[in-house]
Amino acid sequence: TGEVNKPDAYQHQDNMTVLMAITLAGGFTGRAGKNKISIQRQQNDTKITLDRVSPDEIVLKNDIIVVPESFF
């Protein structure tokens, strides 16, 4: 979700990285905060947020990748 060209839900693939998921979503928009990507993840009954994740971070099933707008 956020500053990607085609925000949507996409099929999870084994060993999918954040960068691979963003590529499926059509890449970054011109306003994307590429260094501020976060992942919202459900662990047991708790929702956690991983801030400033690496493009090589492995995405788990049901993760939500958030690409915020860059203000600079």
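In this predicted model, Glu69 is partly exposed, its relative accessible area being 34%, and the side chain of this residue meets that of Arg31 in a salt bridge with an N to O distance of 3.7 Å. The pair connects distant parts of the chain, since Arg31 belongs to the loop between α1 and β1 whereas Glu69 belongs to the segment after β3, with their positions 38 residues apart in the numbering. Arg31 is likewise partly exposed, with a relative accessible area of 48%.

A further salt bridge brings together the side chains of Arg31 and Glu3, at 3.4 Å from N to O. Here too distant parts of the chain are linked, as Glu3 is found in the segment before α1 and Arg31 in the loop between α1 and β1, 28 residues apart. Glu3 is buried, with a relative accessible area of 12%.

Three salt bridges are found in a search of the whole structure, and among them is the one between Asp63 and Arg41, whose closest N and O atoms are 2.7 Å apart. Asp63 lies in the loop between β2 and β3 and Arg41 lies in strand β1, so that this pair ties together parts that are 22 residues apart in sequence. Asp63 counts as buried at 14% relative accessibility, and Arg41 is also buried, with a relative accessible area of 10%. Through shared partners, salt bridges join Glu3, Arg31 and Glu69 into one network.

The strand that holds Arg41 is part of an open sheet of three strands, arranged in the order β2-β1-β3 with antiparallel pairing. The edge strands, each of which pairs on one side only, are β2 (46-50) and β3 (64-66), and the twist from one strand to the next averages 25°. Strand β1, comprising residues 38-43, runs antiparallel to β2 and is joined to that strand by five bridges; in β2, Ile48 is the bridge partner of Arg41.

Apart from these polar contacts, the largest nonpolar core contains 13 residues, of which Val18, Ile22, Ile37, Ile65 and Val67 touch the most other members. Helix α1 (residues 18-24) supplies three residues, the largest share of this core. When residues up to four places away in sequence are not counted, Ile22 touches Val4, Gly27, Phe28, Ile37 and Val67.

Methods. Residues are numbered from 1 along each chain as its sequence is written. This is a predicted model: local features need pLDDT of at least 70, side-chain atom pairs count only at pLDDT 80 or more; totals for chains, interfaces and linings use all residues. Side-chain values use heavy atoms; hydrogens and water are left out. A nonpolar core is a set of buried Ala, Val, Leu, Ile, Met, Phe, Trp, Tyr and Cys residues joined through side-chain atoms within 4.5 Å. Buried means under 20% relative accessible area, exposed over 50%, partly exposed in between (1.4 Å probe, protein chains only). Helices (H or I, at least four residues) and strands (E, at least two) are DSSP runs, numbered from the N terminus. Contact means heavy atoms within 4.5 Å. Two strands pair if DSSP finds at least two bridges between them. Axes are lines fitted to C-alpha atoms, for helices over the stretch in contact, and angles run from 0 to 180 degrees between N-to-C directions. A salt bridge is a side-chain nitrogen of Lys or Arg within 4 Å of a carboxyl oxygen of Asp or Glu.
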